[in-house]
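Q: Can you take me through this one, and show how each label is earned?

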Amino acid sequence: MQEIQIYQVDAFAGRAFGGNPAAVCPLETFLDDSVMQAIARENNLSETAFITPSRTPGADYDLRWFTPTLEVAICGHATLAAAHVVLTHLKPDADAVTFETRSGALPVCRRDGRLEMNFPVNRAAPVNMPPELPAVLGAEPVECYLTDREYLLVFEDAETIRSMAPSITGLQAMAPYGFIVTAPGAGVTAPDLPGKTVDFVSRCFYPNHGVPEDPVTGSAHCVSAPYWADRLGKDSLFALQVSQRGGELWLEMKGDRVLIGGVNVEVMRGSLFI
């Protein structure tokens, strides 16, 4: 029987039971893919992250992410959670960590009391809206964009985003895509930061990845941040993901990269026996 350390971190939230929970398993070497998938299925969180010491020059750890049903190419909140584990427990004197991933090198550093990730921008292109989409969402977007893996759907106001109750089976029928719904943050305040101006709000749905709604999605802001930076004419943004758990993201555009900052709360640590 093998014993594996496991941590659970609520990412993008300053309080327990907010943000997006991710499990993090530090390993000496990666386990068989089927075993890591089984662990992610057992955890039943949006993502479980696995990290191992890296042999890649310039990287500290190799990082992989699994939803309950599949391995994904990029994940923000589980990267933030993995960085929390490294900088809290494995290298507490370090100010930064770099992960080697399927999406290249992803650095994370301490900044202004938060952890800040450096992720690649993924710009969405305007497309014709699938005719069935408004009925599936229960609301009609005013703009429709698409990347290689996600729709970016823009609405007029934040209340539409908050109250949206899409058909998950309807979204699933539009495989393989995920769905980011977003609107201006006018009049919205952050629950944990009274008076803080919100530039935009969003929610994210990934039923084709085994995640009907993702509570807070760092990687989705690789898509939404460049859109709102262009629309609002500003490179520094504050975003609120208005899922039931909710989460706060500090964003800064840097050319073809976006800096994504957030705070974390560690809520559990223990051992996994396999």
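A: Sure, starting with classes: Ala, Val, Leu, Ile, Met, Phe, Trp, Tyr, Cys and Pro count as nonpolar, Asp, Glu, Lys and Arg as charged, and the others, Gly among them, as polar. On that split, the lining of the largest pocket has seven nonpolar, six polar and four charged residues. This is a predicted model: local features need pLDDT of at least 70, side-chain atom pairs count only at pLDDT 80 or more, and totals for chains, interfaces and linings use all residues. Residues are numbered from 1 along each chain as its sequence is written, and side-chain values use heavy atoms, leaving out hydrogens and water.

Q: What makes Met 36, Gln 37, Ile 39 and Ala 40 of helix α1 one side of it?
A: These four are buried, meaning under 20% relative accessible area with a 1.4 Å probe, protein chains only. They cover an arc of only 155° around the axis, so they sit on the same side of α1. The arc is taken from the directions from the helix axis to the C-beta atoms.

Q: Why is the set of 53 residues called a nonpolar core?
A: Such a core is a set of buried Ala, Val, Leu, Ile, Met, Phe, Trp, Tyr and Cys residues joined through side-chain atoms within 4.5 Å. The largest one has 53 residues, with Trp 65, Phe 99 and Ile 260 making the most contacts inside it. Helix α2 (residues 76-90) gives the most to this core, eight residues.

Note on methods: Buried < 20%, exposed > 50% of the residue type's maximum accessible area, 1.4 Å probe, protein only. Helix = DSSP H or I, 4+ residues; strand = E, 2+ residues; numbered from the N terminus.
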